[in-house]
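This report covers the fold, one buried position and the charged contacts of the structure shown below.

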Amino acid sequence: MPVDSDSAIAWHRAQLKKLRETLRSIETARFTVGESAQSSRTGKTQKTIAELEQKIRQSQHIIAAYERQTRRPLATDQRSLASVSWSAWNAQTAHSRGSSSR
């Protein structure tokens, strides 16, 4: 897992790991122990799973948006480099350099 200078992104990465582990344990217990179709716990379990999946999607979306803004392209072929908006990236880098040198 990469080290993040942005603490909010680091928090979302940690949350993502915790949420996935929780979801995995709930689903494992659900299939290992089993639940009857009429069980009152079925509704609660489904609601909990839906909430966890929603939180996972939110954290993934925030992390993906951050990575799109901050990462340079890994490929160096002409097609990959041509699709990058370098002016926006260079402006962002110049701005961060100017604020860090003060």
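S59 lies in helix α2 of this predicted model. With a relative accessible area of 4%, S59 falls under the 20% cut-off and therefore counts as buried. Leaving aside residues up to four places away in sequence, S59 touches H12, Q15 and L16.

Helix α2 also takes part in a salt bridge. The search of the whole structure returns one such pair. Its partners are R13 and E67, whose side chains meet at 2.9 Å, N to O. The pair links distant parts of the chain, since R13 sits in helix α1 (residues 7-33) and E67 in helix α2 (residues 40-70), 54 residues apart.

How exposed or buried is E67? At 23% relative accessibility, E67 is partly exposed, because buried requires a value under 20%. R13, with 10%, is buried.

The relative accessible areas of the residues discussed are as follows.

| Residue | Relative accessible area | Class |
|---|---|---|
| S59 | 4% | buried |
| R13 | 10% | buried |
| E67 | 23% | partly exposed |

For the protein as a whole, there are four helices and zero strands, and the order along the sequence is α-α-α-α. Of the 102 residues, 17% are buried. The accessible surface amounts to about 8,000 Å², and carbon and sulfur atoms account for 53% of that surface. Among contacts between residues at least 6 apart in sequence, 54% join residues at least 24 apart. The salt bridge between R13 and E67 spans 54 residues.

Key:
Residues numbered from 1 in each chain as written. Predicted model: local features only at pLDDT ≥ 70, side-chain atom pairs only at ≥ 80, totals over all residues. Heavy atoms only, no water. Salt bridge = Lys/Arg side-chain N within 4 Å of Asp/Glu carboxyl O. Helix = DSSP H or I, 4+ residues; strand = E, 2+ residues; numbered from the N terminus. Buried < 20%, exposed > 50% of the residue type's maximum accessible area, 1.4 Å probe, protein only. Contact = heavy atoms within 4.5 Å. Areas by Shrake-Rupley, 256 points an atom, 1.4 Å probe, with all protein chains shown as cover.
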